[in-house]
Amino acid sequence: MAETPREQGHETLSNLLQETRRFPPPADLAAAANVKPGDLEAAADDRLAFWEEQARRLHWDRPWDSVLNWNPPFAEWFGGGRLNAAVNCVDRHVDAGRGDRVAFHWEGEPGDTRTITYAQLKDMVCQASNALLELGVAKGDRVAVYMPMIPETVVAMLACARIGAVHMVVFGGFSVEALGTRLDDSEAKVVITADGGYRRGKASGLKAAVDDAVRDRPAVEHVLVVRRTGQDVEWTEGRDVWWHDIVDRQSTDHSAEAHDAEHPLYIMYTSGTTAKPKGILHTTGGYLTQVSYTHWAVFDLKADTDVFWTAADIGWVTGHSYIVYGPLSNGATSVMYEGTPDTPHQGRFWEIVEKYKVTIAYMAPTAIRTFMKWGADIPARFDLSSLRVLGSVGEPINPEAYMWYRTNIGGDRTPVVDTWWQTETGAIMVSPLPGVSSGKPGAAMRPLPGVVVDVIDDEARSVPNGGGGYIVIREPWPAMLRGIWGDPERYKKTYWSRFEGLYFPGDGAKRDEDGDIWLLGRVDDVMLISGHNISTTEVESALVSHPKVAEAAVVGATDPVTGQAIVSFVILRGEAGEGGDGLVQELRTHVGESLGPIAKPRQILVVPELPKTRSGKIMRRLLRDVAENRTMGDVSTLTDSSVMDVIAAKLPDAKGDE
Ligand code: 6R9
């Protein structure tokens, strides 16, 4: 009989998965680490003094009067302070004599390359700033950026920051409609784009999509177009301007004004599950302080010697914080790659690591699971010995994916940092520290210094060790969102109304016996099975821990007996063959043995692909629609919408074997 959670017990979220593997920091890394064990206590003793000290990492034209003004839920950090984000990311390093340092080793998908030093980047940013001014962009105006992964994308963002315009980057893979709604909401005046970019060996078109989006949007005065592929584009005289025509003839001198610490830096839209995307607003001083500190602390960055690579798109917050603002504010050398991991071959990422001697690599679990599927023999062909720290972001990393990453990419030597954060938090919030934490496969471990996080139950009580519930943030933090663009009520309602006085990120979490934190996926995805709240993450991790499974997604579908039942979709590893009834039974038994009989899936479907967003997150709500035979919801942010047809076609012949 189906029971409600209350009748069953008082658990908010079940804690099923046990993990005993531990990886202490390598001795040499720990000895030279940027953050040492004692630093955490110092930060906890005086949080605001800690953040004030971190703000001194930056160049301020005018110091702040107060560290924090907190009128819940509205925060002002470093009030009265003035600084320029672009100067902090570029000019300051050139002025300090490091102009010849490489800012980006850029690698195009077809194999073309560019090396851009800090001195060159400064000239490019100044020229682009002058060009934007000539196009009539003023401080506070919004500028849309719809670009491939090329250096001009970074230049465009920094040029906006320099003149105080607010950039709004839209993923180059998003549809005309998605771009259009974001243009409307932000009231952008200029769109910066390219003729196209390279993905999967082909030149995709971007300018054509912009043409469609701006046709009925006269508020967009100019479209600034970088020539990347050389393909033919339609041209609207007066409105469209080639980047090389207007930017290249500008002076490389531009004297930057300092902006208020709370001056808007960018808007980044998150789609979530509802129709209207939320424009997450970030401002300057607090954001830059926390991305700079976290990039230095979490990756143990040594700017003089490290080669850092975030293998993510700039259109995702991860690209904003850890391709652009974090690495550049720290004067780091980064790799930037335009294309996909399997073009022209499945070893492309590892070839790049070998070529540039990458020391720190940061990517999403979805990429890692794809590499698992392709097989360990592929990275084994490359010299990956330069790597010393690996990072993961975007979804919970399954313990097995963590082990594969650490072993096959990290040579069983590198710490793996599983970094939990959101567009809204702006910067990493919960993560292991490579010189401090004894890593546990699958755990995000502890809040970073200066961050106050808790795991609470339905009644807002902290759960004891061993308990599951919701992750919340108890105190304001410097890189926090300052609101939803144009909608303060929605900001309060979405993040601050579930629990009085606490920020609610919408993720489930548990605290293990040692007090370390594990993220368990979005609360909206939690399944209610016979009165138990079961997280999608734990069941997916149990499936991925089977040697034949590369990726898994699970959802709860209505069931007459148990309330909801677990329906799972799995992608097999390259060597596992086709599946069949025997395998389905084997997987069900395996999940039962790992997590207990309650977590056994009712159905297991072998599929070739899963529906994912461009940042690699599995869109479980679409799988739920399929599992419940509903019409499918919004697919506009899906990478490849044909995936859903393939999956739906699989469903009717899938038999639960209860
Ligand atoms: C940075 C980013 C935010 C959501 C977040 C959570 C999930 C991100 C995670 C993670 C478990 C991690 N998420 N990192 N879950 N462990 N290390 O991804 O921002 O695109 O806004 O997504 O992603 O569910 O709430 P964003």
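**Exercise 1. Which residue in β25 is the bridge partner of Ala509? Place strand β24 among its neighbours.**

Before the solution, two notes on the model. The structure is a predicted model, in which local features need pLDDT of at least 70, side-chain atom pairs count only at pLDDT 80 or more, and totals for chains, interfaces and linings use all residues. Residues are numbered from 1 along each chain as its sequence is written, and side-chain values use heavy atoms, with hydrogens and water left out.

Step 1. Strands (E, at least two residues) and helices (H or I, at least four) are DSSP runs, numbered from the N terminus. Two strands pair if DSSP finds at least two bridges between them.

Step 2. The bridge partner of Ala509 in β25 is Leu519. Strand β25 (residues 517-522) runs antiparallel to β24, and four bridges join them.

Step 3. Strand β22 (residues 468-473) is joined to β24 by three bridges, again antiparallel. Here Gly469 has Ala509 as its bridge partner.

Step 4. Five residues lie between β24 and β25, which form a hairpin; in the turn, Gly515 has a positive phi of about 90 degrees.

**Exercise 2. Why is β24 largely enclosed by the rest of the structure?**

Step 1. Buried means under 20% relative accessible area, exposed over 50%, and partly exposed in between (1.4 Å probe, protein chains only).

Step 2. Asp507, Ala509 and Arg511 point one way from β24, Gly508 and Lys510 point the other way, and all are buried.

Step 3. Strand β24 (residues 507-511) is largely enclosed because five of its five residues are buried.

**Exercise 3. What is the strand order of the open sheet of eight strands, and where are its edges?**

Step 1. The order is β12-β11-β8-β6-β7-β14-β15-β23, with mixed pairing.

Step 2. The edge strands, β12 (240-242) and β23 (483-484), each pair on one side only.

Step 3. As an example from within the sheet, β6 (residues 142-146) and β8 (residues 190-194) run parallel and are joined by four bridges. Tyr146 has Thr193 as its bridge partner in β8.

**Exercise 4. Are Glu187 and Met445 buried or exposed? Locate each residue and give its phi.**

Step 1. Glu187 is found in the loop between α8 (176-186) and β8. Although Glu187 is not a glycine, its phi is positive, about 55 degrees. Glu187 counts as exposed because its relative accessibility is 54%.

Step 2. Met445 lies in the loop between β20 (416-418) and β21 (453-456). Met445 is not a glycine either, and its phi is positive at about 75 degrees. With a relative accessible area of 5%, Met445 is buried.

**Exercise 5. Which loops hold Pro73 and Pro344? Describe the peptide bond before each.**

Step 1. Pro73 is found in the loop between β1 (66-71) and β2 (74-79). The peptide bond from Pro72 to Pro73 is cis, with omega near -5 degrees.

Step 2. Pro344 is found in the loop between β17 (333-337) and α13 (348-356). A cis peptide bond joins Thr343 to Pro344, and omega is about -5 degrees.

**Exercise 6. How many helices and strands does the chain have? Judge how compact the chain is.**

Step 1. The chain has 20 helices and 30 strands.

Step 2. The radius of gyration is 24 Å, close to the 26 Å that the globule rule gives for 658 residues, so the chain is as compact as a globular protein of that length. This radius is taken over C-alpha atoms, and the globule rule is 2.2 Å times the number of residues to the power 0.38.

Step 3. Of the 658 residues in the chain, 62% are buried.
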